[in-house]
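Hi,

Here is the structure I promised to pass on. Have a look when you get a moment, and my notes follow underneath.

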Amino acid sequence: MTLTLRSSTSFINLKDYSKGLKTSDESSSGVVCFAQMKPSFRIRAKSSLQEAQLFQERIRVSYTTDDLPRELLHALPSIAHSSNNNDSKKVPVYVMLPLDTVTHGGHLNKPRAMNVSLMALKNAGVEGVMVDAWWGLVEKDGPSKYNWEGYAELVNLVQRHGLKIQVVMSFHQCGGNVGDSCSIPLPPWVLEEISKNPDLVYTDKSGRRNPEYISLGCDSLPVLRGRTPIQVYTDYMKSFHDRFRDYLGDVIVEIQVGMGPCGELRYPAYPESNGTWKFPGIGEFQCYDKYMKASLEASAEAQGKRDWGTTGPHDSGQYNQFPEDTGFFKRDGTWNTEYGRFFLEWYSEKLLRHGDRLLAAAKGVFRGTGAKLSGKVAGIHWHYRTRSHAAELTAGYYNTRLRDGYIPTAKMFSKHGVVLNFTCMEMKDGEQPDDANCSPEGLVRQVKMATKSAGIDLAGENALERYDSGAYGQVLATSRSDSGNALSAFTYLRLNKRLFEGDNWRNMVEFVKGMADGGRNERLSECDSTGTDLYVRFIKEKNVQDEKDTVLV
């Protein structure tokens, strides 16, 4: 992932809005309240933004059952937007659901709150939602024992509201990354296999094991009770296909294939758990489990350079160092030698082959369903202005001042007709600390050009929780085709109660309208009310007081 803030993992807490009616079966949920007036057919507004304000400020909605009263739904003012431009210019907006959307028991979490939230999103003109289908929840009871019931409840509810849904095949652990406040480990039977053979997970040069995701080094080995990891992932997707075949292409419009930590095609080079890594450290290579070491050794021998295969780079530094602190990543470092090029080509090619295997499997499962396939690439923007692009290299993206590392990735996605989903669309260069040499805008431009060259669709996400008009304005700007690919869709991170507060909700509604108009909305683009200097775990001292209520760290 890029540094994706995932802090607000719970739904709207209905108690925060009202002390109204409660039911015996869900007494902790209470009542949701958008404002303090009865719904009325007499409400009129001159613009969609005014209607959003009226919806937020004047309508009180109370629920005592899990089902949405049909007459109440019809009474709500519709603030969905119709574009004056050609529909082909519309950029549909989706909203990520909380990480704990499905409980550990396999049921939909807080269905009444979800019901209200979906109603609000539909009325704002949002296209649909995105949800993680956690491997650790669905297949936790044993190999090939799947429980999709909580997700079936969600899909039915989404359909009832006339929305669409993007489902992520999340083969990674939830917990241990930025803002992961809920914990969903890999399935217990998988963890049992890992305890017997710790080399099944990624390992750094100090021997630290990372349980977020199975090492790609054993992709084709029957290490999971007689099945290879790729076979396990394929069987999981087949089970999903069989359970939801009647919804694919209609309600379930996209399957995002998880291919690494945080669902992204990358190595876990910057793990936050236990304080291992902090922004803007360069991270570390993750090639020290026995399967990756064996692959490196074989590759070196094939090149007639046996010594190059004994271990990874000895001078690549530690997680929290800067490029110039190391022999490998400094301006004229080892990265640009014959050995450095050999290692980086091997390391990045292993990642691309992993993605190729998984996307080929997904294409075989979902071909003909009408559902799009997508995959996510991390927006690693720190040290982007340096020659070596160290943080990208340790994550597996061989992108330097001398080599475009995103064209090979885009071409691999193109081979399978897969949408490339990229993050940090809301970030500006001027918001970043000078010493980190960041350029999220430059990185986004490069990826837009790579996807255009490869002839594939580009979708986007925001990296941080942002509610200000400046962030929305930046997304509107990057969504257009002024340089490289325009966005085919945008997924907003994330649904939580703060989204529905005050200006946050009004900004969201205006943003959705702008995306429906093809990214043209001067009102948001010209108005950055915060002047934010934000990224994960950094707020410039001069803005700490001003921004403390806007950013969660």
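What is the handedness of the crossing of helix 11 and helix 12? The crossing is right-handed. Please bear in mind throughout that this is a predicted model.

Let me stay with that pair of helices for a moment. Helix 11 covers residues 406–415 and helix 12 covers residues 440–454. Their axes lie 9 Å apart, and the two helices pack at an angle of about 40°. Angles under 35 degrees would count as roughly parallel and those of 65 to 115 as roughly perpendicular, so helix 11 and helix 12 are oblique to each other. On the helix 11 side, the contact is made by Tyr406, Ile407, Ala410, Lys411 and Ser414. Helix 12 brings Leu443, Gln446, Val447, Ala450, Thr451 and Ala454 to the contact. Sorted by class, the residues of this contact are 7 nonpolar, 3 polar and 1 charged.

A second helix pair comes from earlier in the numbering: helix 8 (residues 290–302) and helix 9 (residues 338–366). Here the packing angle is about 130°, with 11 Å between the axes. Because that angle is neither over 145 degrees, which would be roughly antiparallel, nor within the 65 to 115 range, helix 8 is oblique to helix 9. Helix 8 also passes helix 9 in a right-handed crossing. Which residues make the contact between helix 8 and helix 9? From helix 8 they are Met292, Ser295, Leu296, Ser299 and Ala300, and from helix 9 they are Phe342, Phe343, Trp346 and Lys350. The split by class for this contact is 6 nonpolar, 2 polar and 1 charged.

Now to the cavities. The structure holds 2 of them at 30 Å³ or more, and my notes cover the second largest, which contains about 40 Å³ of space. Its lining is made up of Glu426, Asn462, Arg466, Ala471, Tyr472, Val475, Phe490 and Tyr492. Two elements each give two or more residues to this lining: helix 13 (469–479) and strand 10 (487–492). Helix 13 supplies the largest share, with 3 residues. By class, the lining of the second largest cavity has 5 nonpolar, 1 polar and 2 charged residues.

That is what I have for now. Happy to talk any of it through once you have the model open.

Best wishes

Technical notes: Residues numbered from 1 in each chain as written. Predicted model: local features only at pLDDT ≥ 70, side-chain atom pairs only at ≥ 80, totals over all residues. Heavy atoms only, no water. 1 Å grid on protein atoms, 1.4 Å probe; cavity = no way out; pocket = protein on both sides within 12 Å on 5 of 7 lines; lining within 4 Å. Points joined across faces, edges and corners; volume = space filled by probe spheres on them. Helix = DSSP H or I, 4+ residues; strand = E, 2+ residues; numbered from the N terminus. Nonpolar A, V, L, I, M, F, W, Y, C, P; charged D, E, K, R; others polar. Axes fitted to C-alpha atoms, helices over the stretch in contact; angles between N-to-C directions. Left-handed = near helix turned anticlockwise from the far one by under 90°. Contact = heavy atoms within 4.5 Å.
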